[in-house]
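Please take the following as a guided reading of the model shown here, beginning with a pair of strands and working outwards to the contact between chains.

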Amino acid sequence: MQQKVFEHRLSNGMVVLGESMPWLESVAFSLLLPAGTRNEPSDRLGLAGMTLEMCQRGAGPYSSRDVVERLDFLGVDRSSSVTTFHTSMSMAAMSRVLEPTLEVAAAIVLEPHFPEDELEEARQSALLELASIDDDPAQKCFKELKRLRFGDVFGRSSLGSESGLKETTLEDCKEFHRNHYNPDRSILSLAGNFDWDRFLVIAEGLFGSWKGPAYIGPTSVLSIPGNSHLPHDSQQTHIALAYDAVPYNHPEYYQGRGLVGILSDGMSSRLFAEVREKRGLVYSVSASAHSLHDCGSVLCYAGTTAPRAQETLDVTVQTIRSLENGIDPAELKRLKARVRTALVMEQESSSSRSSQMAHDWAYLGRVPSRQELLQTIEALTCESLLNHYQNHPPRRWSLVTIGPDSLEFSDAVS
Amino acid sequence: MQFRSEKLSNGLEVIAEVNPEAFSLSLGYFVKTGSRDEAPEMAGVSHFLEHMMFKGTARRTAEDVNQELDDLGSQSNAYTSEEQTVYYMSVLPEFQHAALDLLSDMMRPALRDEDFQTERQVILEEIAMYDDQPPYGAMERAMEGYFRDHPLARRVLGTRETVSELDPKAMRAYHQARYAPDNLTLVASGAVDFEQLLKSAEAMTTQWKPSQAKRQLVTPTYCSDKLSMVHPPATQQYTLQYSPGPSYCDDARYIARILGTIIGDDSGSRLFWELVDTGMAETAATFTQEFQECGLFCAFLACAPEQHDENWEIIQDILGQGRDVPITELELELAKNKICSGMILGSERPSNRLFSIGNAWTIRRKYETIQDASEHYRQVTLEEVQRAFEALANTTSVLVSVGPEAEI
């Protein structure tokens with residue numbers, strides 16, 4: 001597996017990363033800024049998202065309309081989002097337009113106009129987005145799970161709160177931008193077809209003289225067990241379940257991730273087999289590994305019609321607990337085959353590679369190579385996985401259900 | 001990049017876009033069957049059958065199928081639409097033979113009674129899931145209202161009633177009629193060894209018998225209708241409008257797609273600037289849907305119920321502005337750039353190319369490179385888009401609105 005990864009710090013300390021994929025015609029970059037929902041004042045929930053929205057409504061030489069038209073003209077596929085710890089912006093385009101695309105991204109981050117006459121429109125958009133989640137019970141279920149499990153600061157949703165959005169002023173956005181759009185801990189990662197030396201010159205020119213206040217890191221994140229039910233007039237009950245696991249920066253992360261794979265990766269995984277294939281209880285059931293700074297969790301989801309919800313929850317928990325009986329060598333072999341394929345196919349997408357690199361750097365301070373990852377996975381054994389399970393059994397459960405009736409769950413406080 | 005195609009002695013066509021530089025390859029069986037090919041009382045059988053195809057064969061149990069899909073490290077799935085059922089997997093090149101063996105065997109499923117009963121529950125869950133989700137069945141209702149007794153009026157998932165009534169015997173007969181080699185295409189893309197693929201496919205499908213499966217193509221008589229549905233738990237109002245558009249076989253589809261992008265793409269379009277950027281609507285979009293002999297030009301709105309009427313009026317105004325606010329050169333250029341660039345970015349994964357070439361071949365019997373497809377868009381003129389825009393003003397359309405309260 002060929003791989004060439006570049007790392008560099010601009011003169012202001014900002015990290016730039018690159019992975020050359022010269023077989024592609026495209027290039028993609030992710031810009032990760034240390035401005036998340038955890039940085040919002042408690043009476044301004046939603047400020048991080050509002051600030052990001054306002055930054056895109058006119059910046060540098062571009063008016064609000066120019067930003068959109070310029071990126072459309074260049075044929076740039078883009079997205080932006082806010083998480084607990086970061087604001088991120090991702091763009092992908094043909095490699096020949098990398099420079100003008102970066103210019104737009106830099107303007108958005110460094111020179112937003114914050115036009116007064118667009119604040120109300122940005123606010124209305126944000127309020128609509130917040131309101132629309134009421135029609136998406138599965139997403140609402142996870143929003144509530146996050147709030148319940150990670151508390152006031154780390155459990156915030158990027159959608160904010162109605163009162164926070166209504167109270168937000170232009171000055172709040174400007175202040176948030178000043179304090180948290182910051183080269184210290186910002187990461188610009190690039191993947192695809194590019195000339196690294198040329199890119200460094202461009203990046204230094206655009207971002208090198210950017211200054212900001214010193215970064216203040218988060219305190220430890222601790223999960224809070226508990227359960228809650230939100231009544232909803234629907235046919236299906238949505239079940240979101242979480243328990244503790246080791247986080248992404250833990251030396252044994254891939255042992256824990258391996259266990260999640262046994263539960264949920266692929267059509268022969270235990271949850272799919274037990275809950276859907278054997279019993280026909282659900283259309284969807286899944287588990288995934290989730291990290292919030294130093295706090296790892298496994299998040300599970302199942303959706304089923306109300307009369308079968310209790311059985312679905314019980315079978316899901318039983319299946320998770322069945323890991324204590326050990327791992328079958330055939331299961332581990334399938335897991336490894338899936339990872340090998342995924343690592344090879346990662347080379348087909350500049351977008352997924354650039355965001356993965358930014359994520360790796362944010363969590364680990366380095367970018368592990370595919371070779372290293374492959375070796376880590378190949379080294380997993382049935383014994384090591386069982387051992388890991390025994391040392392880190394599911395505990396500190398959180399459960400949120402949305403649907404006609406609440407469910408019985410005895411593990412919540414175990 | 002090289003295109004290859006061959007017909008096996010049993011009538012099965014094998015096509016591939018071979019790219020020796022690719023890291024992976026994708027394989028798929030494209031079955032020319034979907035909800036439009038079902039008898040009304042069997043609505044949902046194509047989709048139900050798609051689920052059953054993973055439930056084992058004469059030589060594999062359901063568990064074997066799932067385990068082998070994972071053994072191959074594959075990314076695999078299937079989907080059913082009005083016109084097609086597609087089974088596909090992406091694997092590393094070394095697994096080409098094993099992947100084809102599994103996928104080909106799956107095309108001859110056991111369809112065991114007990115699996116049928118369990119899987120019926122999964123389908124009913126899927127129907128319940130979509131019933132709970134916006135736009136709460138509005139699309140299905142709009143198709144029914146627009147197409148009436150045309151085969152395209154039928155629901156892909158069927159209804160709770162038809163799915164509950166289906167029996168395995170009828171499904172077996174449907175499978176036999178529709179999954180014949182002359183109604184299937186084996187499609188491959190990426191790092192494909194085509195000679196090997198042909199040899200393996202010939203050996204694996206030698207028992208398959210052609211069935212001369214037919215599809216009824218009917219020129220639809222469109223109906224005008226307005227329908228309001230109440231879904232009390234909804235908090236937003238969702239409105240969908242279907243008008244006539246070009247079919248998947250009509251070159252005018254490039255014009256309609258460009259027009260859909262200019263009027264209602266999710267960023268930079270007329271509806272975006274008027275309704276989304278201003279925070280008046282959560283979604284306001286136009287897009288096309290294309291079928292073999294006909295197509296749709298669709299408009300969609302999602303917003304707060306109290307803002308709905310005003311927003312919908314604005315959408316109607318914008319759709320009717322063909323003469324007053326003509327399309328500009330800039331709008332046309334931005335739309336072309338967006339579409340063409342998106343196509344190239346998307347094509348970097350062989351798995352995405354699989355669908356482009358498979359769909360084009362099964363419905364239109366044509367192969368096009370990315371460059372060919374880009375060229376079609378590049379050649380669309382301002383006059384053509386402008387004419388299509390003006391034609392939007394007076395069309396037959398069906399409108400379905402669903403929200404928390406009656407009467408919109």
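**A strand with partners on two sides**

In this predicted model, strand 7 (residues 226–231) of chain A runs parallel to strand 11 of chain A, and six bridges join the two. Within this pairing, A:Asn227 has A:Leu399 of strand 11 as its bridge partner. Strand 11 of chain A is also joined by five bridges to strand 8 (residues 236–245) of chain A, but here the two strands run antiparallel; in this second pairing, A:His238 has A:Ile402 of strand 11 as its bridge partner.

How is strand 11 of chain A covered on its faces? In a regular strand, side chains point alternately to one face of the sheet and to the other. On one side of strand 11, A:Ser398, A:Val400 and A:Ile402 are buried, and on the other side A:Leu399, A:Thr401 and A:Gly403 are buried as well, so that both faces are covered. Because six of the six residues of strand 11 (residues 398–403) are buried, this strand of chain A is largely enclosed by the rest of the structure.

One of these residues also leads into the nonpolar interior, since A:Val400 is among the residues in contact with A:Ala240. Leaving aside neighbours within four places in sequence, A:Ala240 is further in contact with A:Cys141, A:Phe142, A:Leu145, A:Leu299 and A:Tyr301. The largest nonpolar core, which has 107 residues, counts A:Ala240 among those with the most contacts inside it, together with A:Val298, B:Ala99 and B:Leu103. A second, separate core of 62 residues includes A:Leu32, A:Ala92, A:Ala93 and A:Cys173.

Turning to chain A as a whole, its secondary structure comes to 15 helices and eleven strands, and buried residues make up 53% of its 414 residues. Of the contacts in chain A with a separation of 6 or more, 81% are between residues 24 or more positions apart. The C-alpha trace of chain A spans about 60 × 50 × 35 Å along its principal axes. Its radius of gyration is 22 Å, which agrees with the value near 22 Å for a compact globule of 414 residues.

Finally, the contact between the chains takes 52 residues from chain A and 49 residues from chain B. On the side of chain A that touches chain B, the elements giving two or more residues include helix 2 (64–74), strand 5 (87–94) and helix 12 (329–345), while the largest share, nine residues, comes from helix 4 of chain A. The residues on this side of chain A divide into 18 nonpolar, 18 polar and 16 charged.

Note on methods: Residues numbered from 1 in each chain as written. Chains lettered and ligands numbered in written order. Predicted model: local features only at pLDDT ≥ 70, side-chain atom pairs only at ≥ 80, totals over all residues. Buried ≥ 20, exposed ≤ 12 C-beta atoms within 10 Å, placed from the backbone. Helix = DSSP H or I, 4+ residues; strand = E, 2+ residues; numbered from the N terminus. Pairing = 2+ DSSP bridges. Rg over C-alpha atoms; globule rule 2.2 N^0.38 Å. Contact = placed C-beta atoms within 7 Å. Nonpolar A, V, L, I, M, F, W, Y, C, P; charged D, E, K, R; others polar. Core = buried A, V, L, I, M, F, W, Y, C linked by C-beta atoms within 7 Å.
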